[in-house]
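Please open the model in your viewer and keep the selection tool at hand. The stops below are meant to be visited in order.

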Amino acid sequence: MLLIGKRLDPQGRHFLHHPPGTRALISFLCPGTVLASLILSVGAVMQLAAQSERAHQVIQFTWVAGLPFHLANGSLGRFTADWGFLLDPLSSVMILVVTFVGFLIHVYSIGYMWHDGGYYRFFAYMNLFVFFMLMLVLANNYLLLFVGWEGVGLCSYLLIGFYFHKKSAGDAGNKAFIVNRIGDAGFILAMLLILSTVGTLRFVD
């Protein structure tokens with residue numbers, strides 16, 4: 001994106017000035033996508049409530065297929081992971097919370113970040129954060145949930161260290177990154193334990 005000029009904000013920091021209209025476009029597009037997600041989420045929850053089934057699953061494709069492994073009881077199993085999404089009462093609540101609160105944060109951030117040089121970068125991180133949060137809460141298996149978990153961790157690192165020119169922000173981002181890796185280790189061990197015990201990572205199974 002084209003950036004021109006350089007000036008100081010009230011705290012005396014140098015930052016780049018966006019071309020006229022760029023901030024307005026970002027302010028409309030980025031919160032607008034989250035608002036669209038909120039509207040679609042409300043529609044999906046209403047459709048689920050009208051059905052007799054308490055869960056609706058959509059499988060796009062299988063991205064890990066047929067990996068052999070031994071269960072804890074000694075029998076041989078084959079591991080399969082879908083790129084699929086599951087809407088149930090729990091995930092229904094979560095997608096409404098994520099999209100509604102995410103939209104409010106985006107709207108608030110328009111004014112809060114308006115004079116910041118990283119305006120476009122901040123909203124890119126925020127949109128990515130909402131995307132991975134929705135993947136996390138809608139995943140139909142633990143492995144895809146882990147992908148969303150890692151994406152949320154990445155966005156947390158990027159947002160915490162947003163002012164990367166400041167040592168304190170960089171240190172805080174690195175701390176968050178390291179702590180998340182500890183959580184990852186526990187997550188992976190738990191997935192392996194579940195897989196060896198029940199033979200699948202799908203929630204419905």
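The tour goes from confidence to helices and then to aromatic rings.

**Before selecting anything**

This is a predicted model, in which local features need pLDDT of at least 70 and side-chain atom pairs count only at pLDDT 80 or more, while totals for chains, interfaces and linings use all residues. Residues are numbered from 1 along each chain as its sequence is written, and side-chain values use heavy atoms, with hydrogens and water left out.

Colour the model by pLDDT, the predictor's confidence in each residue, from 0 to 100. The mean for the protein is 86, and 90% of its residues reach 70 or more. Over residues 1-15, however, the pLDDT is below 50, although this stretch has 34 contacts in the model beyond near neighbours in sequence, a contact being heavy atoms within 4.5 Å. Where pLDDT is low, the predicted coordinates should not be read in detail.

**Helix α1**

Select residues 22-49, which make up helix α1; helices (H or I, at least four residues) and strands (E, at least two) are DSSP runs, numbered from the N terminus. At 1.5 Å a residue, the 28 residues of α1 should span 40 Å, and its end C-alpha atoms are 41 Å apart, which agrees; the expected span is 1.5 Å times one less than the number of residues. Centre next on Gly 32, where α1 bends by about 25°, the bend being the angle between axes fitted to the seven residues ending there and the seven starting there. The buried residues of α1 include Cys 30, Pro 31, Val 34 and Leu 38, where buried means under 20% relative accessible area, exposed over 50%, and partly exposed in between (1.4 Å probe, protein chains only).

**Helix α2**

From Val 34, move to Gly 102, which lies in helix α2 (residues 89-112). Gly 102 counts as buried because its relative accessibility is 7%, and, leaving aside neighbours within four places in sequence, Gly 102 is in contact with Val 34 and Val 97. Now select Ser 109, also placed in α2 and buried, with a relative accessible area of 5%. Again leaving aside neighbours within four places in sequence, Ser 109 is in contact with Trp 114, Tyr 119, Phe 122 and Phe 123.

**Aromatic rings**

Those four contacts of Ser 109 belong to one aromatic cluster, formed by Trp 114, Tyr 119, Phe 122, Phe 123, Tyr 125, Phe 162 and Tyr 163. The structure holds 14 aromatic pairs; rings of Phe, Tyr and Trp (its six-membered ring) pair if their centres lie within 6.5 Å, with planes under 30 degrees apart counted as stacked, over 60 as edge-to-face and the rest as tilted.

Show Phe 61 and Trp 83, a stacked pair, 5.9 Å centre to centre with 5° between the planes. This pair links Phe 61 in strand β3 (residues 56-70) with Trp 83 in strand β4 (residues 76-87), 22 residues apart. Phe 61 is partly exposed at 43% relative accessibility, as is Trp 83 at 22%.

Then show Phe 122 and Phe 162, whose ring centres are 5.7 Å apart and whose planes are at 85°, so the pair is edge-to-face. Phe 122 is in helix α3 (residues 119-138), and Phe 162 is in the loop between α4 (142-160) and α5 (167-198), 40 residues apart. Phe 122 is buried at 11%, and Phe 162 is buried at 4%.

Add Arg 121, which lies over the face of Phe 162 at 4.2 Å from the ring centre; a charge sits over a ring if NZ of Lys or CZ of Arg is within 6 Å of the ring centre and within 35 degrees of the ring normal. Finish at Arg 181, whose charged end sits over the ring of Phe 177, 4.5 Å from its centre.
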